Each structure stands twice: as C-alpha cells, then as structure tokens.
Amino acid sequence: MGTIVVAPLGKIAELAVCHRCRDMLSLVAPKQNFHRPAIIAADRHLIVGVNDIAFAGTGSLVAPGEEHVAAIIGFAHGWDRQAPLLVHCMMGVSRSPAAALIAALAVEPDQDEHDLAMRLRRASVQATPNARLVEIGDHVLSRGGRLVAAVRAIGRGADYVGDSPFVFSAAPQTLQP
C-alpha cells in the first residue's frame, strides 16, 4: 500500500482510471485550467498553484513556499493509502516528483531519504525534483538537510523526451523471509 503515481497533465485521466486513484495532488501554474478526472472526488483533490521555478517569484510567477509544502503534507496525511495517490504537474518532471517525495516522507517519516530518492530515480530517469520544493520540504519535515542531499546525490534527470509517467512506493520495500 502507499503507491504514488507521478504524471504529466495530459495523462491524468488515463492514469487515474488505470490505477484506480482516489486522491489527486495537482501542482500547476496559478489559474491554469484543466478538468479533474471524474474518478477523483472534488474533496480528495488539492490544487497547489505554483510555477516551476526555484527562486523567489517575480511579476506574475508564484514560487513554491512553506504554505504550499504545508498543504502538500496536510493532504498526504489525509490519504488513506488504500488506493494510489496521483501527483501531477504540467510535464511530470519537476514539481510533481518533488511533491511525491514530500508526500512519501509525510506518510512514512521513518524512512531513509537516500533510499527514497533512489526509488524515485529507478522509477524515472527524467525526474528532476524542483529544488525549491525539496528544500522547503526538507525544512518543514525537519529532515536536517538529508532530503536535499539525497536529491542532489541522484542528480539531474535525463533530458526530457516526452511524457513518461511513473509509479513508486511511498514506503521502503521490505524483503519477505
């Protein structure tokens, strides 16, 4: 239990149905319009209006802040983990992988950050988690810089070659005896 599906915007309906998701976290530009898949109830959908930037916002750009990360954590705490959590942004490469890491640590706080980051990298060669979200998540979740270091250790993802949704576990996998 505790699967996270990370996707680009264009694949959310297909993946929500395919994976039978009931909860969805959307990280999109403020006021970006899109349709929530019917399988996701409105009260189990959180929209976080932030741009994919790693610096303080200027003009109409909204940089991720502590309030956005707190909302992600609060939403993750309400996820019952009986069905996969769908996390998406525009391309499924930066904001959504960062939010997926934060959600995973929110629901499974005793796990190793390096192991979590490696699970993300194995699931997606393209993922390059948004550095600002990761840094704020590290701080808000009291990870002492370990999440930031783990994401730096996996490095920048491969160049974007198209929509590549991926799935990974929010919890470390245990070996069965």
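**Notebook: cores, a surface patch and salt bridges**

I began with the largest nonpolar core, which has 42 residues, and I noted that those with the most contacts inside it are Ile4, Leu25, Leu27, Ile72 and Phe168. Helix 3, residues 95–107, gives the most to this core, with 10 residues. I kept in mind throughout that this is a predicted model. As background I wrote down that nonpolar side chains tend to be buried together in soluble globular proteins.

Next I looked up what Phe168 touches, leaving aside residues up to four places away in sequence, and I found Gly2, Thr3, Ile4, Val6, Ala100, Leu116, Arg119, Leu120 and Ala123. A second core, separate from the largest one, has 12 residues, and among them are Leu9, Leu15, Ala16 and Met24.

I then turned to the surface, where Met90, Met91 and Tyr160 form a nonpolar patch with about 270 Å² of accessible area together. Met90 sits in the loop between strand 4 (85–89) and helix 3. Is Met90 buried, partly exposed or exposed? Its relative accessibility is 39%, so Met90 counts as partly exposed, given that this class lies between 20% and 50%.

I also checked the UniProt record, an unreviewed entry, which lists residues 84–133 as "domain: Tyrosine specific protein phosphatases". In the model, the C-alpha atoms at the two ends of residues 84–133 lie 22 Å apart, and the span is 54% helix and 10% strand.

My last entries concern salt bridges, of which the structure holds seven. Side chains of opposite charge can pair when their charged atoms come close. Glu113 forms one of these bridges with Arg143, and their closest N and O atoms are 2.7 Å apart. Because Glu113 lies in helix 4 (residues 113–123) and Arg143 in the loop between helix 5 (131–140) and helix 6 (146–154), the pair ties together parts that are 30 residues apart in sequence. I noted that Glu113 and Arg143 are both buried.

Glu113 also meets the side chain of Arg146 in a salt bridge, at 3.0 Å from N to O. Arg146 lies in helix 6 and Glu113 in helix 4, so this pair ties together parts that are 33 residues apart in sequence. Here I compared the two partners: Arg146 is partly exposed, with a relative accessible area of 43%, whereas Glu113 is buried, with a relative accessible area of 5%. Salt bridges that share partners join Glu113, Arg143 and Arg146 into one network.

Finally I looked at Asp159 and Arg156, whose side chains meet in a salt bridge at 3.2 Å from N to O, and I recorded that both Asp159 and Arg156 are exposed.

Conventions
Residues are numbered from 1 along each chain as its sequence is written. This is a predicted model: local features need pLDDT of at least 70, side-chain atom pairs count only at pLDDT 80 or more; totals for chains, interfaces and linings use all residues. Side-chain values use heavy atoms; hydrogens and water are left out. A nonpolar core is a set of buried Ala, Val, Leu, Ile, Met, Phe, Trp, Tyr and Cys residues joined through side-chain atoms within 4.5 Å. Buried means under 20% relative accessible area, exposed over 50%, partly exposed in between (1.4 Å probe, protein chains only). Helices (H or I, at least four residues) and strands (E, at least two) are DSSP runs, numbered from the N terminus. Contact means heavy atoms within 4.5 Å. Patches are made of residues with over 30% relative accessible area and no salt bridge: like charges are joined within 9 Å, nonpolar side chains (Val, Leu, Ile, Met, Phe, Trp, Tyr) within 5 Å. Accessible areas come from the Shrake-Rupley method with a 1.4 Å probe; for residues, only the protein chains shown count as cover. A salt bridge is a side-chain nitrogen of Lys or Arg within 4 Å of a carboxyl oxygen of Asp or Glu. UniProt positions are given in the numbering used here, feature names are shortened, and annotations may be inferred rather than shown by experiment.
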